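Biologist: I'm new to this one. Could you put it up and walk me through how the labels were earned?

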Amino acid sequence: MKHILPGESTVPEIQRLLQGGIGPRPIALVSTISKDGINNLTPFSFFNVFGANPPIIAFSPSRRGRDGSLKDSYLNLMENGECVVQAVTYAMVEQISLASTEYPYGVDEFIKSGLTPIESDLVKPKRVNESPFQMECKMIEMRSFGSGGTSANIAICEVIKFHVAEDIFVDGFIHPSRIDLVARMSGDYYCRAFGDAIFEIEKPILKKGIGFDQIPEFMRRSNVYSSNDLGKLGNIESIPSVESVTSYINEVKALSFNDFEFSYSAFFRYQRDKNYIFMLKYLLLDSELNAKAKKHLIEQTAKIALESNQIETGWKIALLAGRERW
């Protein structure tokens with residue numbers, strides 16, 4: 001590994017490290033207004049949420065890197081303490097990039113970016129019509145750290161009103177694929193939170209997983225399971241009993257499928273299709289495989305079940321690999 005002390009590196013080097021290692025970063029599209037009534041619209045990727053009671057967000061209108069000067073968003077916030085913070089979606093990302101251009105003071109980025117300003121209800125800065133998630137905010141505090149280029153200014157704001165498109169909700173939650181957010185990476189790179197890039201992990205809020213240390217050693221030593229697989233195994237509340245494993249084996253043995261093919265080559269087709277039930281049924285019926293090969297294929301089958309988020313079933317299959325006769 002590289003070992004880097006900030007004091008022994010240039011500011012651009014540290015900036016690149018932070019932007020590359022901390023990400024993907026959500027993007028705040030911040031609308032402010034000057035004392036003369038001129039709109040300003042700028043994206044900030046040093047941004048996040050920090051509480052819900054009251055709803056608190058923060059972003060950093062840091063000093064410009066080239067000369068340490070203060071940005072228009074900072075100046076406007078210090079004058080009137082109001083802003084609107086919008087989510088950035090894939091459909092508008094090129095316009096957002098255009099809005100990030102450092103135009104001279106007083107230039108309206110709504111006009112330059114082609115985004116549509118609409119009136120807010122409780123603050124003077126305009127909302128961005130194209131964004132499906134908008135927050136009208138009052139600034140609570142501006143914290144500043146340093147006066148050189150890229151020095152941080154942290155605008156801590158309270159959300160006083162939300163505007164959210166109804167069609168991005170699914171079962172009461174904002175669904176990632178409906179809102180289609182974009183996040184900032186390093187250099188010219190972005191990422192899109194959509195489709196196959198989205199996955200689910202069950203949160204252990206209402207239960208207490210057994211933990212990594214309680215997973216049997218033969219499973220932890222396996223060269224088949226990834227760290228993520230073992231993490232899933234450790235998130236179960238109790239290890240399935242021998243009786244439940246035996247019952248599951250008998251159930252799979254008794255299952256009848258018209259399209260089931262009993263062959264070694266078919267096993268790997270089932271693996272590509274992530275059909276762990278057919279994989280297991282083949283292994284339970286095959287009496288020709290040697291013990292070492294069968295153990296390895298059992299673990300492969302358990303891995304597919306885990307990747308399908310069938311944690312208890314994955315456990316039951318994984319436990320078979322530790323039994324001498326089954």
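Modeller: Sure. Strands S4 and S5 form a hairpin, with two residues between them. Keep in mind that this is a predicted model.

Biologist: How do you know that S4 and S5 pair?

Modeller: Pairing takes at least two bridges between two strands. Strand S4 (residues 47-52) and strand S5 (residues 55-59) are joined by five bridges and run antiparallel, so they count as paired. One of the contacts to look for: Val49 has Ile57 in S5 as its bridge partner.

Biologist: What makes S1 and S13 a pair?

Modeller: There are two bridges between S1 and strand S13 (residues 182-184), in the antiparallel sense. The cut-off is at least two, so S1 and S13 pair. Pro26 has its bridge partner, Ala183, in S13.

Biologist: And where does S13 sit in its sheet?

Modeller: The order is S1-S13-S14, an open sheet of three strands with antiparallel pairing.

Biologist: Why are S1 and S14 called edge strands?

Modeller: Strand S1 (25-26) and strand S14 (190-192) each pair on one side only.

Biologist: How many cavities of 30 Å³ or more are there?

Modeller: One. The largest cavity has a volume of about 50 Å³. Strand S3 (39-44) and helix H2 (72-80) are the elements that give two or more residues to its lining.

Biologist: What makes five of the lining residues polar?

Modeller: Gly counts as polar here, and the lining includes Ser34, Asn39, Asn40, Asn76 and Gly106. The lining also has three nonpolar residues and one charged. Asp counts as charged, so Asp72 is the charged one.

Key: Residues are numbered from 1 along each chain as its sequence is written. This is a predicted model: local features need pLDDT of at least 70, side-chain atom pairs count only at pLDDT 80 or more; totals for chains, interfaces and linings use all residues. Side-chain values use heavy atoms; hydrogens and water are left out. Helices (H or I, at least four residues) and strands (E, at least two) are DSSP runs, numbered from the N terminus. On a 1 Å grid over the protein atoms alone, a cavity is a set of points where a 1.4 Å probe fits but cannot get out, and a pocket is an open set with protein on both sides within 12 Å along at least five of seven lines; lining residues have an atom within 4 Å of a point. Grid points are joined across faces, edges and corners, and a volume is the space filled by probe spheres set on the points.
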